[in-house]
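Please look through the sequence and the model shown here before reading on. The paragraphs that follow begin with a single residue and then turn to a pair of helices.

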Amino acid sequence: MINAGDTAFVLISSALVLLMTPGLALFYGGMVRSKNVLATLMKSFICMGIVTVIWTLWGYSLAFGPDIGGFIGGLSNFGLAGVGAQPAEGSTIPLSVFMVFQLMFAIITPALISGAIVERMKFSAFCLFVILWSTFVYSPLAHWVWGGGWIGSMGALDFAGGTVVHISSGTSALAAAIMLGKRKGYPREKFMPHNLPMTVLGAGLLWFGWFGFNAGSALAADGIAATAFVATHIATAGAALAWLIAEKIHSGKPTTLGAASGAVAGLVAITPACGFVGPLSALIIGIGGGVFCYIGVVLKGRFGYDDSLDVVGIHGVGGTWGALATGLFASVAVNPAGANGLFFGNPGQLWTQFVSVVVTIVFAFVMTVILFKIVDAVYKARVSEEDEVKGLDLTQHSEAAYT
């Protein structure tokens, strides 16, 4: 039976998740140099167009169509055939509402990757990359975890996208940054954010929209949605504070960029666990996310790769910690549909989470390397040195953000 309240809740949550992508654009846009801000905004904004078309034609069907061997969905829902007002399986919302909610996740995930390659990747090459990555990485992973595939059947817990969204995007960002190479002058030159108020605004929109991302994943206006909402907020606050404390200890001053980054780190870390843990566990996960992600960002310089806007440190590290922490803190007392974690008497759940993390990392990294080689062969992914110096706003879009 369709429930009007649940349907309205998930529709509103879908709108909140869509808002996260423009929020991400602002978050990223403020951190780049002024000559690249429009090109950075476009890499997030265009995903709303490209991924919607892909999801309509074949992406949803590959992710949530009839299971084929636990690895991929069939094409029986090509063009959203059969996706209408009928109830989604095991739910009280229309299948079309479930489809559009999942679409918003599919949109923001490749947009997250863009933060690692801004200021040096061609717009045309990025668009082709989004088409290929959404088809051959995101849809299979979504099927494995949520669409009846083998990771979900194995018992791995991922309430709202720790593996599917954050580990996949963080790992793919690392592969793309390595394949594309460092920005001209990196790391000798300082690449200072040109508009931190824009970044803080973007972080605020992400925090706001993430309530739809996490609470909406309950697919009903019920107690589990409330649990996810509360856990999300507590973890985010804890992570923002933990990041600032770590930053103060390490570098001597807490920064505005650190507060914004810490909040996003907390949002990432709690995502897989939010519907399975209580408030104190959420706070611990958030604090861990703030500290571990800060360390991940600091270590970027040691490893030498140029992840422009710290996608690996925040989404890769935060998603990995969150997925593993789910195996530590999950409790059936919070959500009977989940499982107990290590600290609640079930050490096997931590192993299951670990397997899901490793598989996601390996699959996303290898596939991204392959897809990036294809993109580079078609378009030559990196802009010329002359265009990079002039800035991508002018050379890729014939525009200037500021006059």
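Where is Asn335 found? Asn335 sits in the loop between helix H11 (311-329) and helix H12 (347-379), where helices are DSSP runs (H or I) of at least four residues, numbered from the N terminus. This is a predicted model, in which local features need pLDDT of at least 70 and side-chain atom pairs count only at pLDDT 80 or more, while totals for chains, interfaces and linings use all residues. Residues are numbered from 1 along each chain as its sequence is written, and side-chain values use heavy atoms, with hydrogens and water left out.

Asn335 has a relative accessible area of 6% and is therefore buried, a term that means under 20% relative accessible area with a 1.4 Å probe, protein chains only. A polar atom of the Asn335 side chain lies 3.0 Å from the backbone oxygen of Gly275, and a polar atom of that side chain lies 2.9 Å from the backbone nitrogen of Ala337. Leaving aside neighbours within four places in sequence, Asn335 is in contact (heavy atoms within 4.5 Å) with Phe159, Ile224, Gly275 and Phe276.

The helix that follows this loop, H12, packs with helix H6 (residues 162-180) at an angle of about 40 degrees, with the axes 8 Å apart; axes are lines fitted to C-alpha atoms over the stretch in contact, and angles run from 0 to 180 degrees between N-to-C directions. H6 and H12 are therefore oblique to each other, since angles under 35 degrees count as roughly parallel, over 145 as roughly antiparallel, 65 to 115 as roughly perpendicular and the rest as oblique. The contact is made by residues including Thr163, Ile167 and Leu174 of H6 and Ser356, Ile361 and Phe365 of H12.

Methods: Helix = DSSP H or I, 4+ residues; strand = E, 2+ residues; numbered from the N terminus. Buried < 20%, exposed > 50% of the residue type's maximum accessible area, 1.4 Å probe, protein only. Polar contact = N/O pair within 3.5 Å; in protein donor to acceptor, adjacent residues only side chain to side chain.
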